[in-house]
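Here is a guided walk through one protein chain. Keep the structure open and follow along, element by element.

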Amino acid sequence: MQEKQPKPPLLLLSSQLSLQNRGYEVTLNSAFLSWKEVETRQKRTAANIYGPLKAAGSHYVPVCEIISVQETEEDCPSTGIGKWQKVPQSLAESNQYAFTVSYVERTQKHRWRCSEVTLHCTDRTLCLQWVQAIREQLSLLTIRPKRLLVYINPYGGKHRGKRIYEQKVAPIFSRASISTDVIITERANHARDHLKTEADLKKYDGVVCVGGDGMFSEIIHGLISRTQCDSGVDQNRADETLIPCSLRIGIIPAGSTDCICYATVGSNDPVTSALHIVVGDSQPMDVCSIHHNNTFLRYSVSLLGYGFYGDVLTDSERKRWMGPARYDISGVKTFLSHHYYEGTISFLPADENVGTPRDKLQCRSGCNICRLPSADKQVSKDEESISDTEKKGVWQVIRGKFLAINAACMSCACPRSPKGLSPAAHLANGTADLILVRKCSRFDFLRHLLRHTNKDDQFDHPFVEVYRVRQFRFTPRYEETDSELELREAEGSGRKRFFSQICREHPACTCSLAHSSWNCDGEILPHAAIQVRVHCQLIKLFARGIEEQSVFEEPYTLSAI
Ligand SMILES: Nc1ncnc2c1ncn2[C@@H]1O[C@H](COP(=O)(O)OP(=O)(O)OP(=O)(O)O)[C@@H](O)[C@H]1O
C-alpha cells in the first residue's frame, strides 16, 4: 500500500529578487520562506558556512522562526547582524527597494542567534507586498507572546542580570514587537510576593525571569500559589490536584547555577533563551509538591536530595563567602565524611508507559512519552473510584541505610554533568526518578559519583536502585518531635555538630547521623520526614525542549518543504 503524502504547504508569493548582486528565486509558503540562486551555482564562500538551513544553494527559514520583517531604508541596506547586507552600488541603483527579514539561525551546541537577510526589489509595490505577506503569516502565529512581565535579579550570578537583559534580550524583544514591564527585584522573594498578590496577570502573556535557578524557583512559587489561590485550591493538602498555571515562564540565564534553562533549551545562552521566548514555543514541565504532615513546604522541579546532596548544600551555605568554589570544597568534605542515614522510603511506582529510568532514549523536543495523556490525571480520576486499601496496595516500601536518596524530576543535566543525575528522566511525564544509594564503601560511592560525568550507566551498581515514581514518602528512622526540630533549626543541629566534630577528628569514621537535610532545588528544607507528589505539567516554559543534534547539522530535505 502506498504511503499517504502530507499536503504541500500553500504557495503564497514567489518573485525574482536580488541579494548580494545576484538573482534569487524567493518563495513564501505557509511553512517556509526560501531563496534560491537562479544564476549558475557559485562556490560557497567561507562566510556562508553558518547560513540558514540550506540544500544545494537553497536557503529555507521556517515561518515560525522568522522574528520580524521590515522595509529597509536604502541605499544603506541594514546594520547589525547578518551577512548578506552589503549591496554593490550598481545593484542598489536598480533595486533600491528592499526588505529585511530577521530569523532564527542555529549555531553550535544548541545555540540560536538572530540573523538577517535583506532582499532587493525593483519596485516599491512588490517590496510592500512581500512585507505584508510575511507579516500576515507572522500574525497567524498566535502562540507568540505580545506582552511580558520581566523580573530581573540584579545580584544573581556575577551581578550581570540587568546588563544581560538590556544589551542582549531587550533589543530582540523590541525587534519582535514584544512589550514588557520590567521589575528589578529589591530583595529576596520580591518577585514571588509580587506574583502572589499584586501583579495584574491578566495583562500578560508570560513571565520572564532573569537570574539563576533560585530566581526561577521564586517565580514558580509565586505563580503556582497565585493560581491555586485564585481557584480556591488549598496548597496545604497533600492530596489536592493542583490547577496548572496558564502563563508561560521564560528563563534568561544570569545566575551561578542555571540548570533549569540548560535542561529545557540545551544551553545557557541569554540570546538563545530570548529567541525561544519570541518564537513562543511551549515546554510543559512537572512540579513536585513537598509536604510535611499536611503542611506545604515547597515546590521542586529538578533535584530533591537527602544525604549526600543535602549535606553538601548545608555545608556550602556556611561557606557562601567562598563563592562558587564552595560547592567543590563542600563536596569533597561531605564525600570524605561518608555519613549514611537510616529510614523508610515508600513510593507509588509509575506505569510502564511513561518509560523507565534506564531507557536509552532521552527526553527531547517533542518527546513522545511526555505527549501521552497525563498519568497524574489518570491517578486522580482513578482515586475517586478505588478504595483506600486498593490505593495503599500499590505502594512499595524500602527500609535501609542510605548514603543518598535523590528524586530527579528532570535529567538535571548541566555543563558539569551533561547527562545529568538521571539521564532518561522526562520533563513532563508526571513522574520523578527515585535513586537510592545504599551504604557502600567510599570507593564504590566515588565510582557512582564519577559516572555522573561520563557515559557509563550510573545505575549499574549493586548498591544503587532506581524507580520511576509518581509519589513518595520518606521517614527517617529516628523521627523528630517538633521540639527537636525547633532545637535543630535554632542551634544549627547541635547533635550533628557534635558528630561532625568527632568525624572531623576521625576522618575514617562512617557513622550514621540521625538526620540529613533535603536539598530542594538548592534550598534546604526544614523537615526530614516529607511527602512528595509529582504534578504532571503544572507549569509551561517558553522553550522548545532540547533539539536533536540532527536539526543543527542536516538541512531540511526538499520533500519536507
Ligand atoms: N534583589 C535581591 N536581593 C537579594 N536577593 C535576591 C534579590 N532578588 C532575588 N534574590 C534572591 O537571590 C537568590 C539567588 O538568585 P539567583 O538564583 O538569581 O542567582 P544565583 O547566583 O544562581 O544563586 P545562587 O548563588 O543561590 O546559586 C534567589 O533565591 C532569590 O530569591
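The chain holds 15 helices and 22 strands. Keep in mind that this is a predicted model. Of its 561 residues, 42% are buried. Look next at how the contacts are spread along the sequence. Among contacts with a separation of 6 or more, 76% join residues 24 or more positions apart.

Start with the ligand. Its shell has 21 residues, and Gly 156, Gly 211, Gly 212, Gly 214 and Gly 255 come nearest. By class, the shell around the ligand splits into four nonpolar, 13 polar and four charged residues. Which helix gives the largest share of this shell? Helix α5, residues 213-230, does so with four residues.

Stay with α5 and turn to its packing partner. Two packed helices are described by the angle between their axes and the distance between the axes. Helix α4 spans residues 190-198, and its axis comes within 8 Å of the α5 axis. The two cross at roughly 15°. Angles under 35 degrees count as roughly parallel, so α4 is roughly parallel to α5. The crossing of α4 past α5 is right-handed. On the α4 side, the contact is made by Ala 191, Arg 192, His 194, Leu 195 and Lys 196. On the α5 side, Met 215, Glu 218, Ile 219, His 221, Gly 222, Leu 223, Ser 225 and Arg 226 take part. This contact of α4 with α5 is mixed in class: five nonpolar, four polar and four charged residues.

Follow the chain out of α5. Gly 232 sits in the loop between α5 and β12, the strand at 248-253. Is Gly 232 buried or exposed? Gly 232 has 7 other C-beta atoms within 10 Å, so it is exposed. Now compare its position with that of Gly 157. The two glycines are 75 residues apart along the chain, and their C-alpha atoms are separated by 36 Å.

The next helix pair is α3 and α7. Helix α3 covers residues 161-175 and helix α7 covers residues 270-279. Their axes lie 9 Å apart, at an angle of about 30°. The two helices are therefore roughly parallel to each other. Their crossing is right-handed. From α3, the residues in contact are Ile 164, Lys 168, Val 169, Ile 172 and Phe 173. From α7, they are Pro 270, Val 271, Ala 274, Leu 275 and Val 278. By class, the contact of α3 with α7 has nine nonpolar residues, no polar ones and one charged residue.

Move on to α8 and α9. Helix α8 runs over residues 308-317 and helix α9 over residues 325-337. The axes come within 8 Å and cross at roughly 130°. How are the two helices oriented? With that crossing angle, α8 and α9 are oblique to each other. The crossing of α8 and α9 is right-handed. In α8, Phe 308, Asp 311, Val 312, Asp 315 and Ser 316 make the contact. They meet Arg 326, Tyr 327, Ser 330, Gly 331, Lys 333 and Thr 334 in α9. This contact of α8 with α9 has three nonpolar, four polar and four charged residues.

After α9, check the backbone. His 338 is in the loop between α9 and β16, which covers 341-349. Its phi is near 55°, a positive value in a residue other than glycine. There are 19 other C-beta atoms within 10 Å of His 338, so this residue is partly exposed. The cut-off for buried is 20 or more.

Asn 21 also has a positive phi, about 65°, although it is not a glycine. Asn 21 lies in the loop between β1 (11-19) and β2 (22-29). Asn 21 counts as partly exposed because it has 14 C-beta neighbours inside 10 Å.

End with a long span across the model. Leu 128 belongs to helix α2, residues 124-139. With 14 other C-beta atoms within 10 Å, Leu 128 is partly exposed. Now find Arg 477. Leu 128 and Arg 477 are 349 residues apart along the chain, and 74 Å separates their C-alpha atoms.

How values were computed. Residues numbered from 1 in each chain as written. Predicted model: local features only at pLDDT ≥ 70, side-chain atom pairs only at ≥ 80, totals over all residues. Axes fitted to C-alpha atoms, helices over the stretch in contact; angles between N-to-C directions. Parallel < 35°, antiparallel > 145°, perpendicular 65-115°, else oblique. Left-handed = near helix turned anticlockwise from the far one by under 90°. Contact = placed C-beta atoms within 7 Å. Nonpolar A, V, L, I, M, F, W, Y, C, P; charged D, E, K, R; others polar. Near = placed C-beta within 6 Å. Buried ≥ 20, exposed ≤ 12 C-beta atoms within 10 Å, placed from the backbone.
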